[in-house]
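Here are my notes for you on this model. Have a look at the picture, then read the points one at a time.

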Amino acid sequence: MNSFEQATLETLVSFKAKDQKEISRLLTSKKLQKEACQLVKKWNDNRQQLGLVPWT
C-alpha cells in the first residue's frame, strides 16, 4: 500500500469509525484496504485520461 492509498484508507476510517477501538479494527480491515486501493486506482485512471501524473 503506497502513501496515497494509506491516506485514503485513513480518510475512509475517519468517516466510518465511532470510537478508538473501531479505528484500530478498521485500519486493519482487508475489505477497507481493498476499497482504498480501488479508489486510488480509479482516481489515477481518471488522472491519466486527463493527462495528469498519477498519485503514488
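The points below go from the whole protein down to single residues.

1. First, a reminder: this is a predicted model. The protein has three helices and zero strands, so if you walk along the sequence you meet the pattern α-α-α. The C-alpha trace spans about 40 × 15 × 15 Å along its principal axes.

2. How much of the protein is buried? Of the 56 residues, 27% are buried. Among contacts between residues at least 6 apart in sequence, 42% join residues at least 24 apart. Keep those two values in mind as we go through the helices.

3. Let's begin with helix 1, residues 3–16. Its 14 residues should span 20 Å at 1.5 Å a residue, and the end C-alpha atoms are indeed 20 Å apart, so expectation and model agree. Which residues of helix 1 are buried? They are Glu5, Thr8, Leu9, Leu12 and Val13. These cover an arc of only 140 degrees around the axis, which means they sit on the same side of helix 1. If that seems odd for residues spread along the sequence, remember that an α-helix has 3.6 residues a turn, so residues three or four places apart point the same way.

4. Now turn helix 1 around. The face turned away from the buried side carries Ser3 and Ser14, which are exposed. As for the buried residues of helix 1, they pack against helix 2 and helix 3.

5. Pick out Thr8 for a closer look; you will find Thr8 in helix 1. Is Thr8 buried or exposed? Its relative accessibility is 7%, and because buried means under 20%, Thr8 counts as buried. Leaving aside residues up to four places away in sequence, Thr8 touches Ala36, Leu39, Val40 and Trp43. Two of the names on that list, Ala36 and Val40, turn up again among the buried residues of helix 3.

6. Next, see how helix 1 and helix 2 meet. They pack at an angle of about 145 degrees, and their axes are 10 Å apart. The crossing of helix 1 past helix 2 is right-handed. On the helix 1 side, the contact is made by Leu9, Glu10, Val13 and Lys16, while helix 2 brings Glu22, Ile23, Leu26 and Leu27. What kinds of residues are these? Five are nonpolar, three are charged and none is polar.

7. Helix 3 covers residues 30–49, and you can run the length check on it too: its 20 residues should span 28 Å at 1.5 Å a residue, and the end C-alpha atoms are 29 Å apart, which agrees. Its buried residues are Leu32, Gln33, Ala36, Val40, Asn44 and Arg47. They take up an arc of only 115 degrees around the axis, so they lie on the same side of helix 3. Helix 1 and helix 2 are included in what covers them.

8. The other side of helix 3 has its own list: Lys30, Lys31, Lys34, Lys41, Lys42 and Gln49 are exposed there. After helix 3 comes Gly51, which has a positive phi, near 85 degrees.

9. Don't skip the parts outside the helices. Asn2 belongs to the segment before helix 1. Its relative accessible area is 27%, so Asn2 is partly exposed. Along the chain Asn2 and Cys37 are 35 residues apart, yet their C-alpha atoms are separated by 8.9 Å.

10. Thr28 makes a nice partner to that example. You'll spot Thr28 in the loop between helix 2 and helix 3. With 55% relative accessibility, Thr28 counts as exposed. How far is Thr28 from Asn44, C-alpha to C-alpha? The two are 23 Å apart in space, with their positions 16 residues apart in sequence. Try finding both pairs in the picture yourself.

How values were computed: Residues are numbered from 1 along each chain as its sequence is written. This is a predicted model: local features need pLDDT of at least 70, side-chain atom pairs count only at pLDDT 80 or more; totals for chains, interfaces and linings use all residues. Side-chain values use heavy atoms; hydrogens and water are left out. Helices (H or I, at least four residues) and strands (E, at least two) are DSSP runs, numbered from the N terminus. The expected span of a helix is 1.5 Å times one less than its number of residues. Buried means under 20% relative accessible area, exposed over 50%, partly exposed in between (1.4 Å probe, protein chains only). The arc is that of the directions from the helix axis to the C-beta atoms. Contact means heavy atoms within 4.5 Å. Axes are lines fitted to C-alpha atoms, for helices over the stretch in contact, and angles run from 0 to 180 degrees between N-to-C directions. A crossing is left-handed if the near helix is turned anticlockwise from the far one by less than a right angle, and right-handed if clockwise. Ala, Val, Leu, Ile, Met, Phe, Trp, Tyr, Cys and Pro count as nonpolar, Asp, Glu, Lys and Arg as charged, and the others, Gly among them, as polar.
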